[in-house]
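Morning, everyone. Please have a look at the screen, and we'll walk through it together.

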Amino acid sequence: MAKETSRVESGMSLDFAERMSYGDYLKLDTLLAAQSPLSDKQDESLFIIVHHVQELWLKLIVNELEFAMQNLREDKAGIAFKALARVSAVQEQLITAWDVLSTMTPSDYLTFRDQLGQASGFQSYQYRLVEILLRAKDQRMLAPHKHRAEIYE
Ligand code: HEM
């Protein structure tokens with residue numbers, strides 16, 4: 001019988017009772033507790049997770065755009081271009097994520113769409129932040145966020 005190979009190598013840390021683990025560092029408990037479907041429909045988890053992934057990518061875009069703009073102000077074009085190249089790579093991810101979403105048919109989507117009420121990506125404040133950072137400022141687009149002062153500001 002083939003000898004069972006173990007991927008646990010000697011010297012590997014296996015006890016994380018007293019030290020920071022991968023999950024601690026990434027706050028995985030918080031991140032993975034954030035997907036809360038309102039229906040019992042299988043496809044709603046896909047819908048939520050794809051939105052979460054997109055919002056995380058949008059967060060990275062905002063981060064990199066602000067960094068690029070700061071470096072452009074300091075005439076550090078090389079550093080700014082590196083950040084903008086990263087933004088472009090993230091945009092590729094935003095686009096390819098639709099390949100995953102499109103495994104859900106319109107009729108699948110309609111099985112839980114009513115649960116969403118008026119909620120829509122139209123209210124994505126990070127999407128608006130990206131638009132504003134790229135100088136597409138439309139005051140009306142901020143209205144859905146008026147009730148959240150810290151976001152509106
Ligand atoms: C089944 C999937 C989806 C459907 C049916 C859908 C539907 C819509 C619709 C109808 C709008 C127009 C505004 C409205 O009428 O509310 C919209 C806007 C928007 N959606 Fe989605 N969406 C989907 C997935 C996503 C995903 C995964 C994201 C990622 C964050 C997203 C982000 C946005 C954004 C940012 C807008 C505003 C666009 C703008 O104002 O220019 N949507 N969506």
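Start with helix α6, residues 125-133. Four of its residues, Q126, R128, V130 and L133, are buried in this predicted model. What covers them? Helix α3, residues 42-73, is part of that cover. Just after α6 comes R135, with a positive phi near 70°.

Now the ligand. Which residues come nearest? Of the 13 around the ligand, they are H51, S120, G121, Y127 and R128. Look at S120. An N or O atom in its side chain is 2.6 Å from an oxygen atom of the ligand. R128 also has a side-chain N or O atom 2.6 Å from a ligand oxygen. Two or more shell residues come from each of α3, α4 and α6. The largest share, four residues, belongs to α3. By type, the shell has eight nonpolar residues, four polar and one charged.

Stay with R128 for a second. R128 lies over the face of F122, 4.8 Å from the ring centre. Elsewhere, R19 lies over the face of F16, at 5.5 Å.

Last topic: aromatic pairs. The structure holds three. Take F47 and Y109. Their ring centres are 5.5 Å apart and their planes meet at 40°, so this pair counts as tilted. F47 is in α3 and Y109 in α5, 62 residues apart, so the pair links distant parts of the chain. Y109 also pairs with F112, edge-to-face, with 5.6 Å between centres and 90° between planes. Together, F47, Y109 and F112 form one aromatic cluster.

Buried or exposed? F112 has 0% relative accessibility, so it counts as buried. F47 is buried too, at 15%. Y109, at 24%, counts as partly exposed.

Methods: Residues are numbered from 1 along each chain as its sequence is written. This is a predicted model: local features need pLDDT of at least 70, side-chain atom pairs count only at pLDDT 80 or more; totals for chains, interfaces and linings use all residues. Side-chain values use heavy atoms; hydrogens and water are left out. Buried means under 20% relative accessible area, exposed over 50%, partly exposed in between (1.4 Å probe, protein chains only). Contact means heavy atoms within 4.5 Å. A residue is near a molecule or strand if one of its heavy atoms lies within 4 Å of it. A polar contact is a pair of N or O atoms within 3.5 Å; within protein, one must be able to donate a hydrogen and the other to accept it, and residues adjacent in sequence count only if both atoms are side-chain atoms. Ala, Val, Leu, Ile, Met, Phe, Trp, Tyr, Cys and Pro count as nonpolar, Asp, Glu, Lys and Arg as charged, and the others, Gly among them, as polar. Rings of Phe, Tyr and Trp (its six-membered ring) pair if their centres lie within 6.5 Å; planes under 30 degrees apart count as stacked, over 60 as edge-to-face and the rest as tilted. A charge sits over a ring if NZ of Lys or CZ of Arg is within 6 Å of the ring centre and within 35 degrees of the ring normal.
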